[in-house]
Amino acid sequence: MRKCSVFIMSLMLVAFASCDKGENKTEGNVTFDDAPELPAPKFADEAVTLNFEGVEQVPYESIELTPNGTAIIKRRVESGAPTRTAVVDLYIVGNYKKVGGEIIITQLNSDVIICRFEYEFEEEGNHEVHVSLTIENEAPIECVAVAVKVETSQDDVVNKLTQKWKVVKSELTHTIKGVTISKPFRGCNINEMVDYAKTVAEFDEELKESYDVSFIEFINPSTITIAYKSKASDVGEWSWTNKDERQLSFSWVNQVSTKILKESSCKFDYDGYEKSYVLILSAHITDDKEQGDYLINLVLFVEPMQ
C-alpha cells in the first residue's frame, strides 16, 4: 500500500496536465493547440550522448548533454554491486557549457566542476569519436566513445514537452470521506507537502533530506529528470500511453528522495485561465493505519527555464 508521501513524490516526478479539478478553468477558447509557443532549446547543437561501454578506465557508462543545458552522467555499476534499482546516486545531474571546443560540466546550483572533455563529431549518425576526458583531480583519460547525436523532433507536442521546467506554484487537493480539501504551495517543496499530509492523515514516512524541486526536465526520446536544490536528483524514463491525449507513464531507475515508485501517469496540457502549462496526477491511496481511501490530485504550474 502506498503512503501519502510516496504518492506525493510520484506527483513531483511526473509530467504536466490540465488543471481540471471538477471545474472548467479555460479562459475563452484557449486550448493546448492555441497555447503560446515555447523557446527553442539553446544547446541543440551540443546535445549528444557519449557511451563509454567497454571503456574500463572511465568510471561513467555515459554522459548525456541535453538541448536545455543539463548534463546527466550515468555512473558505472561495478561487478557484484547491488541491482541498478537499488543503487543510490546512480546518476549525477549537473549543468554544462561550451567554452571554445571544451564541454565543462558543473554540479547543480554550484560552480564546482565535475569533469571536462573535448571530442570531435564530424558526421551525422552514431559513430565512434575520440574523447579527451578530465575528471577533476585526476589525470586526463584518452579514449574512444560512441557518440549519439540528439536529433530535434518534428513533433510539436514532443517539442513542447521536452523543456527544462521550473515549478512556479503547486496545488494539492485530497478528498477524504467525501470532503475535498485544497492546499496551495509556492514552488514545489516535497518536504512541505509531506508535513502537510501528516496533519490530515496517519502516515509515518520521514524524509531525511531537503527535496525542494529545482527543475523538471523531459528529454527526447525517453528520459525524465527531477533535480532538487539540495543537488539530489531522480532520473527515469517516460513514454506515451495515449499520444493523442498527451498522457504519459514513467519508469524510475533509482530514487534518492523516497521509495522507488512503480507506477506513475500524467497528462501534459495548458491551463488557459492561469495562462500556464500545467500538470495534474490523480490516484487513490490508502492510509496504512486507518485503512481509509483517499483521492489525491496535485497540479504543478510550470514555465520553461531560460
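In this predicted model, the side chains of D269 and R246 are joined by a polar contact of 3.1 Å. D269 belongs to strand β15, which covers residues 265-271. Its relative accessible area is 8%, and because the cut-off for burial is under 20%, D269 counts as buried. The contact with R246 thus involves a buried residue of a strand.

Turning to the strands at the other end of the numbering, β1 through β8 form a closed barrel of 8 strands, running in the order β1-β2-β3-β4-β5-β6-β7-β8 with antiparallel pairing. From one strand to the next, the twist averages 30 degrees. Strands of a sheet pair through backbone hydrogen bonds, in either a parallel or an antiparallel sense. For β1 and β2, the pairing is antiparallel and extends over 4 bridges. Within this pair of strands, L50 has I63 of β2 as its bridge partner.

The largest pocket also draws on these strands. Its space comes to about 530 Å³, and its lining consists of 24 residues. Nearest the centre of the pocket lie T49, N51, S62, E64 and T223. At least two lining residues come from each of β1 (48-51), β2 (60-65), β3 (70-75), β8 (141-149) and β13 (233-242). Sorted by class, the lining holds 9 charged, 8 nonpolar and 7 polar residues. For anyone setting up calculations on this pocket, then, the lining to keep in view is one with nonpolar, polar and charged residues alike.

Terms used. Residues are numbered from 1 along each chain as its sequence is written. This is a predicted model: local features need pLDDT of at least 70, side-chain atom pairs count only at pLDDT 80 or more; totals for chains, interfaces and linings use all residues. Side-chain values use heavy atoms; hydrogens and water are left out. On a 1 Å grid over the protein atoms alone, a cavity is a set of points where a 1.4 Å probe fits but cannot get out, and a pocket is an open set with protein on both sides within 12 Å along at least five of seven lines; lining residues have an atom within 4 Å of a point. Grid points are joined across faces, edges and corners, and a volume is the space filled by probe spheres set on the points. Ala, Val, Leu, Ile, Met, Phe, Trp, Tyr, Cys and Pro count as nonpolar, Asp, Glu, Lys and Arg as charged, and the others, Gly among them, as polar. Buried means under 20% relative accessible area, exposed over 50%, partly exposed in between (1.4 Å probe, protein chains only). A polar contact is a pair of N or O atoms within 3.5 Å; within protein, one must be able to donate a hydrogen and the other to accept it, and residues adjacent in sequence count only if both atoms are side-chain atoms. Two strands pair if DSSP finds at least two bridges between them. Axes are lines fitted to C-alpha atoms, for helices over the stretch in contact, and angles run from 0 to 180 degrees between N-to-C directions.
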